[in-house]
Amino acid sequence: MAVQPDRRLSLVLGGGGIAGIAWHTGVLRGLSESGVDLASADHLVGTSAGATVAVQVGAGCTVADLFERQVDPESLATELTPGLSVTELWERMAPIYTDSVDDDERRLRLGRLALEAETVDEAVRRRVIAARLEGLDWAGDRVSVVAVEAATGRRQVFDRSSGVDVVDAVAASCAVPGVWPPVTIDGARYVDGGIWSITNSDLAIGCARVVVLAPIPDQALRAELAGLGAGVASAVVTPDDASRAAFGADVLDPAVREPSARAGLAQGRAEAQRLARLLAD
């Protein structure tokens with residue numbers, strides 16, 4: 001018998017590039033095949049890669065279909081190849097992380113990097129996100145997508161009540177500074193929600209159970225989950241050795257989709273028993 005989530009379950013899907021999207025779908029399918037249904041969680045928080053999957057799952061796409069889109073060559077959506085590698089990106093970002101006096105300064109400097117970088121046109125990038133979502137819209141009130149305003153470093157949570165097109169919200173959440181263009185929404189420009197937090201799991205407040213899928217482990221995650229309250233039961237899934245190997249050296253490389261999805265599938269199956277206990281308690 002499948003394990004059904006508690007009415008107050010939040011599924012948090014973190015950032016991790018193209019690899020992260022594929023891994024999320026693999027993990028969710030592996031869990032589903034093993035009787036653990038996270039797709040029907042009451043609340044989904046999506047950041048960067050996780051924003052794409054949160055909207056897809058929230059709108060009713062089956063995890064089996066999402067998985068096939070990552071492994072079937074005929075179903076793969078067209079993705080842009082970044083103009084620089086993750087290694088080159090980190091070389092640009094490293095001084096910001098090491099020299100900034102606090103998180104606020106770091107976010108402002110990352111925002112400036114994004115605004116000043118030469119990237120593809122915003123409309124070109126938007127078409128890629130629209131293809132991922134294939135005409136989907138906000139699914140009720142259960143999906144939250146996280147971005148950061150480039151000029152102020154302020155976190156912005158988009159949902160159905162925001163009045164923002166879901167493609168624009170996801171494009172903003174996925175706008176990696178220095179790689180993709182900031183996204184213009186109501187005159188402001190927004191960048192990747194991961195520069196605030198890789199998972200933004202603190203937004204799961206009010207839920208009795210929280211499951212976090214984090215393609216990129218984040219030191220802030222433990223504190224974020226602790227801040228949800230002593231009575232909250234949580235579980236975190238991060239890539240195992242096989243998944244990290246599948247990601248390769250560049251999580252933004254479209255070539256990693258299939259291996260990352262298949263590694264996630266195996267890991268989801270392996271994690272099913274642990275997560276089933278959490279949901280059954």
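Leaving aside neighbours within four places in sequence, which residues is L11 in contact with? In this predicted model, where local features need pLDDT of at least 70, side-chain atom pairs count only at pLDDT 80 or more and totals for chains, interfaces and linings use all residues, the partners of L11 turn out to be L28, L38, A41, H43, L44, V45, V211 and L213, contact being heavy atoms within 4.5 Å. Residues are numbered from 1 along each chain as its sequence is written, and side-chain values use heavy atoms, with hydrogens and water left out.

L11 also shows up, with L38, V170 and L213, among the residues with the most contacts inside the largest nonpolar core, a set of 71 residues. Such a core joins buried (under 20% relative accessible area, 1.4 Å probe, protein chains only) Ala, Val, Leu, Ile, Met, Phe, Trp, Tyr and Cys residues through side-chain atoms within 4.5 Å. Helix α1 (residues 17-33) chips in the largest share, seven residues. Another core, of twelve residues, sits apart from this one and includes L203 and V212.

As for helix packing, α1 and helix α3 (residues 63-71) pack at about 140 degrees, with their axes 9 Å apart. Among the residues that meet are I21, L28 and R29 in α1 and L66, F67 and E68 in α3. By class, this contact has seven nonpolar, four polar and two charged residues.

Over in strand β2 (residues 43-47) sits T47, which is buried, with a relative accessible area of 0%. Not counting residues up to four places away in sequence, T47 touches L13, G14, G15, V146, S173, G193, G194, S197, I198, T199 and N200.

Notes:
Buried < 20%, exposed > 50% of the residue type's maximum accessible area, 1.4 Å probe, protein only. Helix = DSSP H or I, 4+ residues; strand = E, 2+ residues; numbered from the N terminus. Axes fitted to C-alpha atoms, helices over the stretch in contact; angles between N-to-C directions. Nonpolar A, V, L, I, M, F, W, Y, C, P; charged D, E, K, R; others polar.
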